[in-house]
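Got your viewer open? Set it to cartoon view, keep the selection box handy, and let's take a walk through this one together.

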Amino acid sequence: MDAVRVSALRERLAGTGWLEAVGGFAGDLRRAVSRRGADGLLLVGTEAYEPWHLAAHLHDEAAWSDVPRLAPTLLRHRVPPQAPAHLAHGLRRLTEAGRGATVLVVAPAAAGGTLLERVQDARRHGATVLAVEGAGPGGTAPSGLADLAGLAHRRLAVGTAEEEPFDLAQHLVSVAAGQRPARCAALQRLAALAGRLTAGPTVSRW
């Protein structure tokens, strides 16, 4: 990320309330996976975007924060032959998700009909649905389906589908979800992390 874009991103975050929005969203995520009867976190992207980064960081935060249920099961639109066990879960898991499950959808662009249908199944069966959305191409949901904003119990709108800021948003969500409810300290850590991530090298993918 070049210096001009770093500066623009920092200016965009400063004083906008966006870090507070991230903290609130991440707090809901943490509460969803920690509540009594919680039954795991299912993480899914769009057909064109698999959220490897967020999966890796949530696994790290689950260990560091002693909240094991933050460690997600990554669901894939296409599971290649010979995929390792932890990367061999398809969208069928959404249809099977019930009360107690938490579904986190990461969509830099519009979610397709197949994904929306599976997420709607999960919500109907009692799962809690959260979504991180970018500013990808619009589009309408297929007939009879709500769009992702309509299906999510809580939604974080990033406002851009560009790779660096969208990845940054996911970093911030994972860090905040691992925080205990100490609001001021958490927000200070988010602000510091935003500066480090925009100035340093990207984290290798899962």
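Before we start, one term: two strands count as paired if DSSP finds at least two bridges between them. With that in hand, go to V105 and look across to the strand β5, where A131 stands opposite. One caution before we go on: what you have on screen is a predicted model.

**Stop 1: the whole chain.** Zoom out. You should be able to pick out 8 helices and 6 strands. Follow the chain along its sequence and the pattern reads α-α-β-α-β-β-α-β-α-β-α-β-α-α. Of its 206 residues, 46% count as buried.

**Stop 2: the sheet.** Now show the strands alone. They form an open sheet of 6 strands in the order β3-β2-β1-β4-β5-β6, with parallel pairing. Look at the edges: β3 (89–90) and β6 (154–157) each have a single partner strand, so one side of each is left without a neighbour in the sheet. What holds paired strands together? Strands of a sheet pair through backbone hydrogen bonds, either parallel or antiparallel.

Select β1 and β2 (residues 72–76) next. These two pair in the parallel sense over 4 bridges, and L42 has T73 in β2 as its bridge partner. Then add β4: another 4 bridges join it to β1, again running parallel. On its way to β5, β4 pairs in the parallel sense over 6 bridges.

**Stop 3: inside β4.** Is β4 enclosed or open to the outside? Colour it by accessibility and see: 6 of its 6 residues are buried, so β4 is largely enclosed by the rest of the structure. Both faces are covered, with T102, L104 and V106 buried on one side and V103, V105 and A107 buried on the other.

Click on T102. At 0% relative accessibility it counts as buried, because the cut-off for buried is under 20%. L41 stands opposite T102. Leaving out residues up to four places away in sequence, T102 touches a list of residues that includes L29, A32, V33 and L130.

**Stop 4: the helices on the sheet.** Select α3 (residues 52–64). This helix lies across β1, β2 and β4, and runs at about 165 degrees to β2. Then select α5, which packs on the sheet too, touching β1, β4 and β5; its direction makes about 160 degrees with that of β4.

Stay on α5 and try the distance tool. Helix α5 covers 12 residues (113–124), and at 1.5 Å a residue it should span 16 Å; its end C-alpha atoms are 16 Å apart, which agrees. Which residues of α5 are buried? They are L115, L116, V119, Q120, D121 and A122. These pack against β1 (41–44), α4 (92–96), β4 (102–107), β5 (128–133) and α6 (148–151). Just past the helix comes G126, whose phi is positive, near 105 degrees.

**Stop 5: the cores.** Finish by showing side chains. The largest nonpolar core has 32 residues, and L29, L70 and L104 have the most contacts inside it. At least two of its residues come from each of α2 (18–34), β1, α3, β4, β5 and α7 (163–177). Click on L29 and, setting aside neighbours within four places in sequence, you'll find contacts including L41, L58, L70, L104 and V173. Apart from this core lies another, of 21 residues, among them L75, A107, A131 and L148. In soluble globular proteins, nonpolar side chains tend to be buried together.

Technical notes
Residues numbered from 1 in each chain as written. Predicted model: local features only at pLDDT ≥ 70, side-chain atom pairs only at ≥ 80, totals over all residues. Heavy atoms only, no water. Expected span 1.5 Å × (residues − 1). Buried < 20%, exposed > 50% of the residue type's maximum accessible area, 1.4 Å probe, protein only. Contact = heavy atoms within 4.5 Å. Axes fitted to C-alpha atoms, helices over the stretch in contact; angles between N-to-C directions. Core = buried A, V, L, I, M, F, W, Y, C linked by side-chain atoms within 4.5 Å.
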